[in-house]
Amino acid sequence: MADWLNVGSLVLGLTAWFLPVISIMRDKRKPNKNWASYSIMSLNACAIALFCQILYSYHLVRIEDISAIYDTAGGVVLAATVLLIITFILNTINVRLNRIKG
């Protein structure tokens with residue numbers, strides 16, 4: 001059951017990236033009134049993805065699988081860092097492009 005936390009984290013992380021991209025790629029001739037909603041949903045997906053990883057780490061602690069914690073800790077930190085940085089950059093681009101247009 002705990003393996004679904006990793007799958008959920010991956011899906012939510014990708015969602016956090018795709019939502020601002022969808023907002024950025026919309027038809028430029030029409031005003032994008034939902035750009036803020038896309039950014040908010042993206043940030044929420046990012047936060048929930050990171051929370052899933054925290055829950056998975058807690059699961060490993062509870063079952064006392066110390067070797068799994070040692071093996072995955074570096075990868076989790078790297079993945080979380082990449083997720084946060086790219087989500088931040090994409091949402092910043094989304095805000096800048098859509099705020100100028102009104």
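Is Glu64 buried or exposed? Let me take that residue as my way into this structure, and please keep in mind throughout that what we are looking at is a predicted model.

Glu64 sits in the loop that runs between helix 2 and helix 3, and with a relative accessible area of 64% the residue counts as exposed, because the cut-off for that word is a value over 50%. The backbone at Glu64 also deserves a glance, since its phi is near 60°, which is a positive value in a residue other than glycine.

From that loop I move on to helix 3, which covers residues 66-101 and contains Leu78. Leu78 has a relative accessible area of 57%, so this leucine is exposed as well. Leu78 belongs to a nonpolar patch on the surface, together with Val82, Ile85, Ile86, Phe88, Ile89, Ile93 and Leu97, and the accessible area of these residues together comes to about 700 Å².

Let me finish with the largest pocket, which holds about 280 Å³ of space. Its lining is made up of 13 residues, and those that lie nearest the centre are Ser9, Leu10, Gly13, Ala79 and Leu83. Helix 1 (3-25), helix 2 (35-62) and helix 3 are the elements that each give two or more residues to this lining, and helix 1 gives the most, with 6 residues. Sorted by class, the lining has 9 nonpolar and 4 polar residues, while no charged residues are found there.

Note on methods
Residues are numbered from 1 along each chain as its sequence is written. This is a predicted model: local features need pLDDT of at least 70, side-chain atom pairs count only at pLDDT 80 or more; totals for chains, interfaces and linings use all residues. Side-chain values use heavy atoms; hydrogens and water are left out. Patches are made of residues with over 30% relative accessible area and no salt bridge: like charges are joined within 9 Å, nonpolar side chains (Val, Leu, Ile, Met, Phe, Trp, Tyr) within 5 Å. Accessible areas come from the Shrake-Rupley method with a 1.4 Å probe; for residues, only the protein chains shown count as cover. A salt bridge is a side-chain nitrogen of Lys or Arg within 4 Å of a carboxyl oxygen of Asp or Glu. Helices (H or I, at least four residues) and strands (E, at least two) are DSSP runs, numbered from the N terminus. Buried means under 20% relative accessible area, exposed over 50%, partly exposed in between (1.4 Å probe, protein chains only). On a 1 Å grid over the protein atoms alone, a cavity is a set of points where a 1.4 Å probe fits but cannot get out, and a pocket is an open set with protein on both sides within 12 Å along at least five of seven lines; lining residues have an atom within 4 Å of a point. Grid points are joined across faces, edges and corners, and a volume is the space filled by probe spheres set on the points. Ala, Val, Leu, Ile, Met, Phe, Trp, Tyr, Cys and Pro count as nonpolar, Asp, Glu, Lys and Arg as charged, and the others, Gly among them, as polar.
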